[in-house]
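Please open the model in your viewer and keep the selection tool at hand for a short guided tour.

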Amino acid sequence: MGDVVEVRSPVDVTQLCARLGHVDVVQFSEPLTEAEYRSVAMLLGDHPMVPLRVYGFDDDLATLRFLRWFPHVRRFSVAGLWHLTDLTPLDQLNADVEFLDIGETRKPLDLAPVAQFRRLRRLRVVEHRRGLHELLHANPGLRDLSLWRLPVDHVLPVIALPHLHALALTLGSSTNSEWLTQIPTLRYLALRQVRKLSDLTPVTRLRALQWLWLETLTVDKLPDFSSSTMLTRAECLGMRHLRHPAALQGLAAAPQLRELLVAAPHLPVDAVVPFVDHPTLERAEIVLGSQQRDRDADGLLRLPPPRPDRQFAAMHELTRIL
């Protein structure tokens, strides 16, 4: 999360107004007065791209009654609103809501009330299964989707999102990676700590893929990415099962790869050799678990580190989601 404005009573409206043009999210975890709700809502009305997040353990906030002051909020998050039990009060929001984050709560929720929104462009769901299929079906225009702690290929055996550009799967499971080929429009894909996912071959058939982020998977060798002609950046983080000198050879076959980040503590230095003199590789950072091996890998490639995530995403008009 980037720059965050934490709102607390008494609200300094002047200070909040001055900061709104440079923040990623406005959030509060304690109730405000009605006058303060009105003031915050009015300011957010002038900055529709700034999300509002409500979180914490307050029972009154968990009723979502305060939303009557925020009918024009277009980006809203309840991630970490632990006592939330019912999403029906979301009907107080405008039908033009474009981003919802139905994040962590004490118990899984029924997503059926959220399906009333049919213009979502970005959605994050953590662990909530009931009604997820109907919610996605109601929003074929989704461009960015983040799913946490879900067995995705079981909960969503069929996924039809013709405009989806970014997908992040975290802490869930997938027994069949062929599931991913249902989304050929993907330009960004993050697979983070996804259990039971051991074969990434179907990922190589995502022809539009430009940015691939792999983290803490049980994969011991990457497949041949020679057909991934759009793949520009790859990240392999915490990949403890990559141990063979040829473990990254398939990734080195990506013909347009420009930026590479690898953190694999058991990977030998020889695994970096296929990237030496790669025709398009411009930036790379290799972390192998010891300073000496890191220096040896750096000596082979002699490249500057990858660009910061936000900079790379902006350059290529990509969305980085988690």
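Select Phe70 and show what surrounds it: leaving aside neighbours within four places in sequence, Phe70 is in contact (heavy atoms within 4.5 Å) with Phe28, Tyr37, Val40, Ala41, Leu44, Leu52 and Leu93. This is a predicted model, in which local features need pLDDT of at least 70 and side-chain atom pairs count only at pLDDT 80 or more, while totals for chains, interfaces and linings use all residues. Residues are numbered from 1 along each chain as its sequence is written, and side-chain values use heavy atoms, with hydrogens and water left out.

Next, add Phe76 and Leu191 to the selection, since together with Phe70 they touch the most other members of the largest nonpolar core, which has 98 residues. Such a core is a set of buried (under 20% relative accessible area, 1.4 Å probe, protein chains only) Ala, Val, Leu, Ile, Met, Phe, Trp, Tyr and Cys residues joined through side-chain atoms within 4.5 Å. Now colour helix α2, residues 34-45, which gives this core its largest share, five residues. Apart from that core lies another, of twelve residues, and to find it you can select Ala168, Ala190, Trp211 and Phe312, which are among them.

Finally, zoom out to the whole protein chain, where buried residues make up 52% of the 322 residues. Along its principal axes the C-alpha trace spans about 65 × 45 × 30 Å. In a cartoon view, look for seven helices and 13 strands (DSSP runs, H or I of at least four residues for helices and E of at least two for strands, numbered from the N terminus).

Terms used: Buried means under 20% relative accessible area, exposed over 50%, partly exposed in between (1.4 Å probe, protein chains only).
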